[in-house]
Amino acid sequence: MLPVVDEHGGLTGRHMVSYCLALIPVSLAPVLFLQAGPVYAAGAILLGVGFLRSAVSFWRRTSTAQARNVLHASLVYLPVLLALLLLEGLTGAIAFAL
């Protein structure tokens, strides 16, 4: 709903960047609580930086194409992050069983 009151997109871009910056440490919470390992941590950081990069690109040059890039990044980010967490859990369970 923010773009409705932000005609040029600057405020929306700042919000996107700040939320992506907050998302990176939050996505590392499973590592801090020892629920995930280094593979997940590396993936979470890479995905977070990629998502942040798309948000910064939108903030610098607001356009419909840049907004679509952020949308696509968001559609990739969460499923891949959750898949990494699942794979990390599966490999841990397999190693525990052996």
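Begin by selecting helix α1 (residues 2-5), which has the lowest mean pLDDT among the elements of the protein, 60, and then α4, which has the highest, 94. Here pLDDT is the predictor's confidence in each residue, from 0 to 100, and helices are DSSP runs (H or I, at least four residues) numbered from the N terminus. This is a predicted model, in which local features need pLDDT of at least 70 and side-chain atom pairs count only at pLDDT 80 or more, while totals for chains, interfaces and linings use all residues. Residues are numbered from 1 along each chain as its sequence is written, and side-chain values use heavy atoms, with hydrogens and water left out. Across the protein the average pLDDT is 85, and 83% of the residues score at least 70. Where pLDDT is low, the predicted coordinates should not be read in detail.

Next, select C20, Y40, L47, F51, L52, Y77 and L81, the residues with the most contacts inside the largest nonpolar core, which has 16 residues. A nonpolar core is a set of buried Ala, Val, Leu, Ile, Met, Phe, Trp, Tyr and Cys residues joined through side-chain atoms within 4.5 Å; buried means under 20% relative accessible area (1.4 Å probe, protein chains only). Colour α2 (10-27), α4 (38-60) and α5 (64-97), the elements that give two or more residues to this core. The largest share, 7 residues, comes from α4.

Now centre on L52. Leaving aside neighbours within four places in sequence, L52 is in contact (heavy atoms within 4.5 Å) with V17, C20, L21 and I24.

Finally, show the rings of F51 and Y77, both of which are buried. Their centres are 5.3 Å apart and their planes at 35°, so the pair is tilted. Rings of Phe, Tyr and Trp (its six-membered ring) pair if their centres lie within 6.5 Å; planes under 30 degrees apart count as stacked, over 60 as edge-to-face and the rest as tilted. F51 lies in helix α4 and Y77 in helix α5, so the pair ties together parts that are 26 residues apart in sequence.

Key:
Buried < 20%, exposed > 50% of the residue type's maximum accessible area, 1.4 Å probe, protein only.
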